[in-house]
Amino acid sequence: MTRDEQRRLLPLATRAALASVAMACFLLALKGFAAWHTGSVAMLGSLADTALDLLASLVTLYGVRLAATPADHDHRFGHGKAEALAALFQVALITASAAGIAWRAITALSENGPTADAEFGIGVSIVAIGATIVLLWYQRQIIRQTGSVAIMADNVHYQSDVLLNGSVIIALVLDQYFGWHKADPILGIVIALWLAWGAFQASSNAIDQLMDKEWPDDERAAFLDVAARQPGLKGIHDFRTRRSGSHDFAQFHMEVDRDLTVGAAHDIVESVERNLRRTFPKVEVLIHLDPEGHVDTDNPLVEADVTPHWFGKRL
């Protein structure tokens, strides 16, 4: 992609992000009035989720922007973990909101009256679903053109909003037309649990990044498969990986023949780096060169030879 194409696509992603924020503001005002007018716990839960959508989008976009900032003198590995910190901030907000909704729903279980003006709440939810579907369609057009990861994540988030608004409609219909007045607080509790589960998943991913968890086994295997396809390479050990925002890091010790000159060994290392850079352009690689058979440490966490099983047969 040329620089001119990048300049053209960047405003598209920005417009999509602004459309997302504008839609969240509109739905926040609409659902706020509906929650106050109807007293529906399910509508209150939907309102809280929309408020979190707005705040989460703003925090996430800031975190992603900060994470994309190039490495500097004080942050030699970049700023990728800003995304994880932003995610943990969101998790705290979602958890507090889920607890508040659950408390209000449990309190409402002791009340036997129907929801006030449920038809209005149903109408608001239908409008919210229609508006969200329009936003989803617009975001997908931008995603096809730009491939923006931030807009892609926002799109997934708003897909869940369609389901959430649908649950509000179900609760109000059961309350208003079937006389099941417990439906609204029960759906409110379900929404609170759904929010709490989402918070747990988000916190798990963020903590994994902050704790430098290793890549999944299939990603490690794919990386090693490329790294090992190099004549002159005798083995790979002490392979370590981690993820920081959208940046990946990998390091390993590479063994070569003991009798090679420094220049020849360096040429092999550079060849391995070029192959990895072509296949994994977003991974920062650090390679330590060892003579064949060299033992670095007695640390039990240091992996022995991790080259693929076919390595010795093909080279």
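1. Which residues does Met254 touch, not counting residues up to four places away in sequence? In this predicted model, the list for Met254 is Leu233, Gly235, Ile268, Val269, Val272, Ile287, His288, Leu289 and Asp290.

2. Met254 also belongs to the largest nonpolar core, which has 21 residues. Met254 is among the residues with the most contacts inside this core, along with Phe223, Ile236, Phe239, Phe252, Val272 and Leu276. Two or more residues of the core come from each of helix H7 (217-227), S1, S2, helix H8 (262-279) and S3. The most come from H8, which gives 5 residues. There is also a second, separate core of 11 residues, with Ala98, Leu164, Ala192 and Ala199 included in it.

3. For orientation, the whole chain comes next. The protein chain has 9 helices and 3 strands, and their order along the sequence is α-α-α-α-α-α-α-β-β-α-β-α. Of its 315 residues, 42% count as buried. The chain exposes about 17,300 Å², and carbon and sulfur atoms supply 63% of that area. If one takes the contacts between residues at least 6 apart in sequence, 75% of them join residues at least 24 apart.

4. The second largest pocket holds about 200 Å³ of space. Its lining consists of Phe77, Asp212, Glu214, Arg240, Thr241, Arg242, Phe249, Ala250, Gln251, Glu284, Val285 and Leu286. By type, these residues divide into 5 nonpolar, 2 polar and 5 charged. At least two lining residues are supplied by each of strand S1 (233-244), strand S2 (247-256) and strand S3 (283-291). S1, S2 and S3 are also among the elements that give two or more residues to the largest nonpolar core.

5. One of the residues that line this pocket is Arg242, found in strand S1. Is Arg242 buried or exposed? Arg242 counts as buried because its relative accessible area is 17%, and the cut-off for buried is under 20%.

6. What does Arg242 touch, not counting residues up to four places away in sequence? Its contacts are Phe77, Lys81, Asp212, Lys213, Trp215, His247, Asp248 and Phe249. Phe77, Asp212 and Phe249 appear in the pocket lining too. As for spacing, Arg242 and Met211 lie 31 residues apart in sequence, and their C-alpha atoms are 8.8 Å apart in space.

Technical notes
Residues are numbered from 1 along each chain as its sequence is written. This is a predicted model: local features need pLDDT of at least 70, side-chain atom pairs count only at pLDDT 80 or more; totals for chains, interfaces and linings use all residues. Side-chain values use heavy atoms; hydrogens and water are left out. On a 1 Å grid over the protein atoms alone, a cavity is a set of points where a 1.4 Å probe fits but cannot get out, and a pocket is an open set with protein on both sides within 12 Å along at least five of seven lines; lining residues have an atom within 4 Å of a point. Grid points are joined across faces, edges and corners, and a volume is the space filled by probe spheres set on the points. Helices (H or I, at least four residues) and strands (E, at least two) are DSSP runs, numbered from the N terminus. Ala, Val, Leu, Ile, Met, Phe, Trp, Tyr, Cys and Pro count as nonpolar, Asp, Glu, Lys and Arg as charged, and the others, Gly among them, as polar. Buried means under 20% relative accessible area, exposed over 50%, partly exposed in between (1.4 Å probe, protein chains only). Contact means heavy atoms within 4.5 Å. Accessible areas come from the Shrake-Rupley method with a 1.4 Å probe; for residues, only the protein chains shown count as cover. A nonpolar core is a set of buried Ala, Val, Leu, Ile, Met, Phe, Trp, Tyr and Cys residues joined through side-chain atoms within 4.5 Å.
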